[in-house]
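Colleague: I should like to learn how to read an interface and a helix packing in a model. May we begin with the place where two chains meet?

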Amino acid sequence: MRLSGLALLLGVAVAFPIGLPGPATVNVGVFTLMYVGLATAWNIVGGYTGYISLGHAGFFGFGAYALGLIVTRAHVPAGVDVFLLVPLAGVATALFAIPVGWIALRTREATFVIVTIAVMFMLQILATNLRGLTGGSQGLAFPVPGWGAAFDVPFYYAMLALAATSLTVSWSIRRSRFGLGLLAIRDDEDRARSLGVRTEVSKLAAFVVSVALVGMIGGVYGYYVTYIYPQFVIDPLIGIAMVLMAFLGGMGTLAGPVVGALILEPAQLYFPYGLGQSRLYLVVYAAVFLIVILLLPRGVVPTLGDWLEQWRSHRLAEAQDRPRGDEAVVG
Amino acid sequence: MGPSLIIGAAALGVLTGGVYALMSSGLALIFGVMRIINVGHGAMVVLGAYLSFVLLRDWGVDPFLGLVVTMPIMFGLGVVLELVFVRPLRADREALSVLVTYALALGIEGVLGYLFSADYRQLRVSYDTASFAIGDFRITWVYVYGFLLAVAMLLALFGLLYRTRFGAAVRATMLNRTGAQLVGIDVERVSAIAFGIGMATAAAGGTLFGITTAFNPDSHYDLISRLLTIIVLGGLGSLRGAIVASLGMLVVEDVASVLISPTWADFTFFVILVVALVVRPQGLYGVRVRGAA
């Protein structure tokens, strides 16, 4: 049943830009799928291991710059070729993440959050200051493909591919021993370690995988928006959005981040985002955030799961209470 | 480049470090008492700066004097925020509190942006041009006033913590929350008041910050990244650590600004953090929890 539902979902996703063409709608699709991928990737670290990273936006930007630099330095022509180089950006991000993750993961819980924030700001400063490399605050330009009216469509499929990759990776981790180890780390790291889980390696692996995915998505994003600037591509709001989505949907679950992204991203795009209006947008965003945290602390998917369980057991109890005519009365 | 330039930069570092010490002590206090990271502390500092700005612009109240008004307001706001948004968090408090306080920061940023736009503001006072010189390096006197006020407030804070019964309750809660409850301390009340104190120090810090630095609603990101770095370096929950780390970091940054370049100055902040994390993850005065920080 599960598999056919998944196939249906995938079918809908693939058919979406064909069925509902128009740059505006496909644009929404691109960003929604982007966040599906981002939230799912973030969840591999935040949800499975319990290490909340608020700095993933830094790696998102790193991936964007990585792809941008590869493309501009190698003079890759605009077009599909750029997409083929995305995995390279992922590898670059992964390599970068190894030493960074190793240092960051030496800390626990509270400190780790702060360190990830610091890493993000460090990357932003580096991107701004290393003008020779990144163009600094003047930005870096990707080549512009000449796809005309259907410009958004290839990006949509690229994001779909990355989102599907994120989900597949997340799913396979979850079913594996490695994933069990991660969940054990989340529950009690020292006990996990004493039981033989290789915590240092596992945490780092999860971190690197998560960040590589985020970096690749960042690369495609950079290509999509053409111009990337340090403060817009390494944006704390992107980082917190993916956390909120994973959180809303249910951290640590597989479908949670997807649900969260599907709910929040279209909503986020429909808020008026003019420069004057953007300030109040923050207040509404914050309010949504707070309501979600206070009312649904476990997220949509687990809460719905609980309700489903309660409903099922209620029905079962009802069925058993129903009086039967042939019931022998024991005297 | 004369040595007076370096000494002057170091002196400036000490003076601004004092203000950062005040801001970060509030953050350290909140973490120590409630084990939550108030990622919104930077926004609260900025809010304090804007409150002083309003008092100055609309009523001509001197920022230093205005503290008499802004600090109680922020204290009250802090207590209310704690009661409404933090206290309901029961399970998984640490992770959720980060999200909650971040949301509060965004909300504050949004409101401030709506009310005051993104224009940079600064608290201009008539005496902010008077300066003195250390060799080739000039320092305006407001930095000294701000430093003195910060020192006075920190002394008051330490007085509160080490000379009053309430302070003893706070320290007990910081050491062992459950233990404190067992001896009859109302930890929830202590938490609310601690959060209020944290906000009040943020207000004071904000005013002092706003006199010397131009700010706008967006400034809280830069501030919070520094404040968080400071308390990690000092050791989470340690007030002493926050003060030492503040002074140290700011001196290094200001000297680096002179020796290397201003653009790379704030990068030194993070470099120090990285070095510290490799060498001593729990910070200067932090306690090693189990295996790590």
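Modeller: Certainly. The model is a predicted one. Here 40 residues of chain B are in contact with 35 residues of chain A.

Colleague: Which helices of chain B each supply at least two residues of the side that touches chain A?

Modeller: They are α4 (93-116), α9 (219-234) and α11 (262-279) of chain B. The largest share of that side, 16 residues, comes from α4(B).

Colleague: How do the residues of that side divide into nonpolar, polar and charged?

Modeller: On the side of chain B that touches chain A, 29 are nonpolar, seven polar and four charged.

Colleague: How should one describe two helices that pack together?

Modeller: One gives the angle and the distance between their axes. Helix α2 (residues 41-59) and helix α8 (residues 187-212), both of chain B, pack at an angle of about 60°, and their axes are 7 Å apart. Because of that angle, α2(B) is oblique to α8(B).

Colleague: Is the crossing of α2(B) and α8(B) left-handed or right-handed?

Modeller: The crossing is right-handed. Among the residues that make the contact are Met44(B) and Leu47(B) of α2(B), and Ala203(B) and Phe209(B) of α8(B). The residues of this contact comprise 12 nonpolar, seven polar and no charged.

Colleague: What does chain B contain in helices and strands?

Modeller: Chain B has 11 helices and two strands. Its radius of gyration is 19 Å, close to the 19 Å that the globule rule gives for 293 residues, so chain B is as compact as a globular protein of that length. Of its 293 residues, 52% count as buried.

Terms used:
Residues are numbered from 1 along each chain as its sequence is written. Chains are lettered from A and ligands numbered from 1 in the order in which they are written. This is a predicted model: local features need pLDDT of at least 70, side-chain atom pairs count only at pLDDT 80 or more; totals for chains, interfaces and linings use all residues. Two residues are in contact if their C-beta atoms, placed from the backbone, lie within 7 Å. Helices (H or I, at least four residues) and strands (E, at least two) are DSSP runs, numbered from the N terminus. Ala, Val, Leu, Ile, Met, Phe, Trp, Tyr, Cys and Pro count as nonpolar, Asp, Glu, Lys and Arg as charged, and the others, Gly among them, as polar. Axes are lines fitted to C-alpha atoms, for helices over the stretch in contact, and angles run from 0 to 180 degrees between N-to-C directions. Angles under 35 degrees count as roughly parallel, over 145 as roughly antiparallel, 65 to 115 as roughly perpendicular and the rest as oblique. A crossing is left-handed if the near helix is turned anticlockwise from the far one by less than a right angle, and right-handed if clockwise. The radius of gyration is taken over C-alpha atoms; the globule rule is 2.2 Å times the number of residues to the power 0.38. A residue is buried if 20 or more other C-beta atoms lie within 10 Å of its own, exposed if 12 or fewer, and partly exposed in between; C-beta atoms are placed from the backbone.
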